[in-house]
Amino acid sequence: MDAPDFDYETNNSRRPAVRAGLVVIANPKAGGTSARRLATAIETLRDLGHAPAIWYTRGAGQGRPLAARAAREGAAVVVAAGGDGTIAEVVAGILDACPTPGPDRPAVGLIPLGTVNVLARDIGLKPRVPRVAARVLDAGHRRLLRPARLNGRPFVAMASTGIDSEVVRCVDGVLKHRAGAAAYLWALLSIVPRYAYPVITATLERPDGSVEGLTGALVLVTRSRFYGGSLTVAPTAEIGAPDLHVVVVHRPGAVALAGHGLGLLTGRFGRGPGVSLRTARRVTVEAAGPLPVQADGDLAETLPAAITLDVEDGLDLIAPMT
Ligand SMILES: Nc1ncnc2c1ncn2[C@@H]1O[C@H](COP(=O)(O)OP(=O)(O)OP(=O)(O)O)[C@@H](O)[C@H]1O
C-alpha cells in the first residue's frame, strides 16, 4: 500500500472512540489495499456526516488490541478496513473487550480491501468499491455474525488444514501483494508435485449430540458458504447460524484435487463422491504431525486443533440489505 493519505498523528489514536462513533481499524498491508481506496471510503463517510477515527495497524496482530481499545472507549461500530484476517482480529478485539453479549458490544463494519475478502463477498459487499462500503456503513443495516474459534482464537470465514493451509504457508507475500489471489494459484501449482497428502482425522460433535469420526486429506471448517472468493463450498452455511459446516475431502492426489477444483468452478463441489459435508457444534482435528492450520487466510496454528462455536460470541455486522 502507498503511504496513507491521512496525517498519521492526527488520525491514528488521537480521536477518542466514543466521540467518533465509528472507529476504522485499517491494515495498510492488506493485499490489494490502496491508500486511495481507503481515503475514498473515509471521504464518503465524512460527506455522509460521520467523523470516523482512523487507527492504522503497525504490525500483524495489532488489529485485536486496537479494536479492544475502541470497544472499551465506547465506539458504536468498529470497522475493519482490510481482508478477512483484519476482520477476524477486529472481532477478536471486540469480544476481548466485551465478553458478555449486550448493548455495549459494538458492531463490526467492513471496508473490504483484502486479497480475497470471503466474508464481504458472502454478505454481498463487493471488495474494493469503497463508496459502496461507506454507504452500507451509513445505512447501518445489521445482521448477526457468529465467529468460530480455532484453539480459542476467533475466525470469521473459515479454518482449514491440508493442501490449502500448505498453500497459505508457502504463498509469496510480494507476489500476493502484486498479483492478488493469483499468487495462491501459483503457490498451489508449485506445491502439487511434491505434496505428501496427510491423513487427517476430524471428530465431529454433531448438533444432535452424536459423535462422528471422518478421515481425509483436507478438513475445512467454515462459517461462510464461500471459499477462495465467491466459489461455493458449503451452500447451506450461514455466518450467523449456530452450527459449523465441515468439509472433509477424502481422496488425496492431484487428480482428485483437479476434480474438486472443477467442482468449485462449476458450482458442483461436493456433489460427487470423495467429499463429506456435515454440520457440527465442535470439531477436533488431528494428524500424525503438526500440520499447519490456516484461519481466514493467515497461518494460525498447527494441529491438533479444536474448533468451536459459542453462541455468546455473536455480534452485529453492518451489512447490505439483502
Ligand atoms: N501493519 C501491518 N503490517 C504487517 N502485517 C499486518 C499489518 N496489519 C495487519 N497485518 C496482518 O496482515 C495479515 C493479512 O491481512 P488481511 O487478511 O487483512 O489481508 P489479506 O490477506 O490481503 O486479505 P484476505 O484475508 O481477505 O485474503 C493479517 O494477519 C494481519 O495480522
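A residue counts as exposed when its relative accessible area is over 50%, as buried when that value is under 20%, and as partly exposed in between. Keep these cut-offs at hand for the tour that follows, and bear in mind throughout that the model is predicted.

**The whole chain**

Start with the whole chain in cartoon view, where 11 helices and 20 strands can be traced. The radius of gyration is 19 Å, close to the 20 Å that the globule rule gives for 322 residues, so the chain is as compact as a globular protein of that length. If you align the view to the principal axes, the C-alpha atoms fill a box of roughly 55 × 45 × 35 Å. Colouring by accessibility will show that buried residues make up 53% of the 322 residues in the chain.

**The ligand and its shell**

Next, select the ligand together with the residues around it, a shell of 23 residues in which Gly-31, Thr-57, Thr-86, Glu-89 and Thr-115 are the closest. Colour the two domains separately, and you will find that domain 1 (8-140) and domain 2 (154-309) each supply at least three residues to this shell. Which helix gives the largest share of the shell? Select residues 84-97, which form helix α5, and the four shell residues that make up this largest share are there. Recolouring the shell by class gives four nonpolar, 12 polar and seven charged residues.

Now show the side chain of Glu-89, where a polar side-chain atom lies 2.5 Å from an oxygen atom of the ligand. For the next two stops, display the backbone instead: a backbone N or O atom of Val-116 lies 3.1 Å from an oxygen atom of the ligand, and for Asn-117 the corresponding distance from a backbone N or O atom to a ligand oxygen atom is 2.9 Å. With a surface drawn over the protein, note that 87% of the 630 Å² of accessible area that the ligand has on its own is covered by the protein.

**Two loops**

Move to Lys-29, which sits in the loop between β1 (22-26) and α3 (35-47). Is Lys-29 buried or exposed? Its relative accessible area is 68%, and because this is over 50%, Lys-29 is exposed. Add Gly-59 to the selection and draw a distance between the two C-alpha atoms: Lys-29 and Gly-59 are 30 residues apart along the chain, and their C-alpha atoms are separated by 8.6 Å.

From there, go to Gly-289, in the loop between β16 (282-287) and β17 (292-295). With a relative accessible area of 29%, Gly-289 is partly exposed. A distance drawn to Val-211, 78 residues away along the chain, gives a C-alpha separation of 23 Å.

**Backbone geometry**

The last stops concern the backbone. Select Leu-303 and Pro-304, which are joined by a cis peptide bond with an omega of about 5°; Pro-304 is found in the loop between β18 (298-302) and β19 (305-308).

Then select Asp-296, in the loop between β17 and β18, where phi is positive, at about 50°, although the residue is not a glycine. Asp-296 counts as buried, because its relative accessibility of 7% is under 20%.

Finish at Arg-128, in the loop between α6 (118-122) and α7 (130-139). Arg-128 also has a positive phi, of about 60°, although it is not a glycine, and at 32% relative accessibility Arg-128 counts as partly exposed.

How values were computed. Residues are numbered from 1 along each chain as its sequence is written. This is a predicted model: local features need pLDDT of at least 70, side-chain atom pairs count only at pLDDT 80 or more; totals for chains, interfaces and linings use all residues. Side-chain values use heavy atoms; hydrogens and water are left out. A residue is near a molecule or strand if one of its heavy atoms lies within 4 Å of it. A polar contact is a pair of N or O atoms within 3.5 Å; within protein, one must be able to donate a hydrogen and the other to accept it, and residues adjacent in sequence count only if both atoms are side-chain atoms. Accessible areas come from the Shrake-Rupley method with a 1.4 Å probe; for residues, only the protein chains shown count as cover. Ala, Val, Leu, Ile, Met, Phe, Trp, Tyr, Cys and Pro count as nonpolar, Asp, Glu, Lys and Arg as charged, and the others, Gly among them, as polar. Domain bounds come from an automatic or database domain assignment. The radius of gyration is taken over C-alpha atoms; the globule rule is 2.2 Å times the number of residues to the power 0.38. Buried means under 20% relative accessible area, exposed over 50%, partly exposed in between (1.4 Å probe, protein chains only).
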